[in-house]
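I am opening a notebook on a structure that is new to me, and I mean to write down what I look up in the order in which I look it up. The entries follow the display below.

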Amino acid sequence: ELETESFESVLVVETTITNELKHQDIKLSRTYLLEQNSEPIIENNATITVMDNLNNIYSFSQNIDGVYSSDIEFKAEPNRFYTLNIVTTDGKTFSSNTTELTPIAQIDNLYPEYIVDDAGQESIQVLVDSNNETTGAEYFRYEYIETYKIVAPFHSDSDISFENYNLANGIQTYDIIITPREQEERICFSSRTQTDIIQYTTSILNENTVSRFPVKTLKTNASEIRTRYSILVKQYTQNIEAYTFYRTLSDLGNIESILSQSQPGFIYGNIEATNSNDRVIGFFEVSAVDIKRIYFNSADFGLADPPYFFECDVLDLNYLDTQSAETDGDPDERSLLYGLVNSRNYKLVFGGFPNYRIVNPECGDCTTFSSNIQPDFWED
């Protein structure tokens with residue numbers, strides 16, 4: 001187990017201002033002890049502004065998630081120079097170096113491909129092509145958001161409940177009530193954002209072209225591609241300073257780098273304190289971004305359906321069976337039906353007196369682990 005021997009509360013700044021017209025976001029937090037916290041400590045009530053060389057000032061306000069969003073929508077413009085300024089509640093000030101928008105580089109092609117590697121491992125890779133011979137862009141960072149459709153394999157349009165329970169002479173009796181389900185529980189959608197740093201550079205290549213760069217690799221048995229899978233990829237153009245900063249962060253995230261004999265020391269970005277000796281971790285990046293989305297599933301590659309997200313425990317129970325296991329080797333199915341539905345929240349798959357089929361909730365009701373709200377962008 002790792003323990004902190006010395007600790008310094010350092011301001012952490014996460015921000016990328018882009019050429020998208022939107023409310024730009026800046027996240028402020030504090031470093032925390034490894035053994036005492038699992039979530040970053042939000043830096044509250046700071047005053048944040050971004051100013052350009054034409055004296056346009058963009059103010060930011062903190063939202064309910066602790067993220068600071070610009071009060072108005074704006075986008076980074078070419079041939080302008082931007083500076084980030086932060087004032088914390090204790091009066092300490094931090095400023096970034098002056099930064100300009102990086103060259104605009106488009107994603108020419110985003111596509112999935114079935115791959116078999118040298119070890120015989122099968123996968124689906126999401127690949128990016130980007131030709132930048134005329135733009136001069138050489139450094140890139142990628143982000144993605146996965147969204148996938150979930151269809152509960154054992155679903156019923158009805159729910160089961162019980163009334164008038166009675167126990168007499170060791171025999172349970174109760175009335176079974178079947179009612180229509182009041183919400184969508186068969187089809188759901190989940191999203192997930194990558195947490196690692198993904199970068200690429202063409203600076204060492206003969207041609208300034210991103211070709212078949214794998215942004216995401218999925219196993220062919222990944223449950224996410226069972227029904228329908230979508231990935232939104234963002235390509236950020238970086239300058240060499242931003243690329244180096246993020247590359248260093250990525251290297252530090254590798255356990256082999258952390259435990260190596262040669263420690264890298266403190267990571268300095270382009271932000272520093274102006275009225276104190278406080279250190280700060282972060283990089284104020286002004287980046288051109290291009291975005292593309294694709295959809296696919298396992299069937300598009302002629303693959304068998306991957307397994308569902310959970311093992312499905314389906315039970316067929318007979319209300320008329322009240323014999324114990326000691327009597328006939330079969331459990332008292334009437335008692336089992338009542339107990340599983342009440343205590344473990346099993347869901348009804350089929351119900352017609354006296355036989356009832358029930359299943360663990362994740363396999364009959366996808367809202368137990370996902371959302372039944374279809375995203376606005378979704379296409380079937």
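**Charges over rings, and aromatic pairs**

I began with arginines and rings in this predicted model, and I found the charged end of R141 over the ring of Y236, at 4.6 Å from the ring's centre. I then noted a second case, in which the charged end of R293 sits over the ring of F377, 3.6 Å from its centre. Turning to rings with rings, I searched the whole structure and got 22 aromatic pairs. I wrote down one aromatic cluster by its members, which are F162, Y165, Y174, Y319, Y338 and F353.

**Strands 13 and 14**

I next looked up strand 13, residues 158-168, and strand 14, residues 171-180, and found that they pair in the antiparallel sense over nine bridges. To fix the register in my mind, I noted that D159 stands opposite T179 of strand 14. The hairpin made by strand 13 and strand 14 has two residues between the strands, and there I recorded a positive phi, near 55°, for N169.

**Helix 4**

For helix 4, residues 333-343, I listed the buried residues and obtained E333, R334, L337, Y338, L340 and V341. I reminded myself that an α-helix has 3.6 residues a turn, so residues three or four places apart point the same way. What covers the buried residues of helix 4? I found that the cover includes strand 13, strand 14, strand 22 and strand 24, the last of these spanning 355-359. At the start of the helix, I saw that a side-chain oxygen of D332 comes to within 3.2 Å of the backbone nitrogen of R334. After the helix comes N345, for which I noted a positive phi near 55°.

**Disulfides**

How many disulfides does the structure hold? I counted two.

I took C188 and C366 to begin with, and their sulfur atoms lie 2.0 Å apart in the disulfide that they form. The link of C188 and C366 is right-handed, with 75° about the S-S bond. This pair links distant parts of the chain, since C188 belongs to strand 15 (residues 187-193) while C366 is in the segment after helix 5 (361-364), and the two are 178 residues apart. I also checked burial, and both C188 and C366 are buried.

The other entry is for C312 and C363, which a disulfide joins with an S to S distance of 2.1 Å. Its torsion about the S-S bond is about -95°, and I therefore wrote it down as left-handed. C312 is in the loop between strand 21 (289-296) and strand 22 (314-318) and C363 is in helix 5, so this pair ties together parts that are 51 residues apart in sequence. Is C363 buried or exposed? I put it down as buried because its relative accessible area is 0%, whereas C312, at 28%, is partly exposed. With the bonded cysteines of the protein chain numbered in sequence order, I read the pairing as 1-4, 2-3.

**E185**

My last entry concerns E185, which I located in the loop between strand 14 and strand 15. I called E185 buried because its relative accessibility is 5%, under the 20% cut-off. Which side chains does E185 join by polar contacts? I found one polar contact of 2.9 Å with the side chain of R181, and another of 3.2 Å with that of Q183. Leaving aside residues up to four places away in sequence, I recorded that E185 touches A152, H155, K347, G364, D365, C366 and T367.

Conventions. Residues are numbered from 1 along each chain as its sequence is written. This is a predicted model: local features need pLDDT of at least 70, side-chain atom pairs count only at pLDDT 80 or more; totals for chains, interfaces and linings use all residues. Side-chain values use heavy atoms; hydrogens and water are left out. Rings of Phe, Tyr and Trp (its six-membered ring) pair if their centres lie within 6.5 Å; planes under 30 degrees apart count as stacked, over 60 as edge-to-face and the rest as tilted. A charge sits over a ring if NZ of Lys or CZ of Arg is within 6 Å of the ring centre and within 35 degrees of the ring normal. Two strands pair if DSSP finds at least two bridges between them. Helices (H or I, at least four residues) and strands (E, at least two) are DSSP runs, numbered from the N terminus. A disulfide is a pair of cysteine sulfur atoms within 2.5 Å. Buried means under 20% relative accessible area, exposed over 50%, partly exposed in between (1.4 Å probe, protein chains only). A polar contact is a pair of N or O atoms within 3.5 Å; within protein, one must be able to donate a hydrogen and the other to accept it, and residues adjacent in sequence count only if both atoms are side-chain atoms. Contact means heavy atoms within 4.5 Å.
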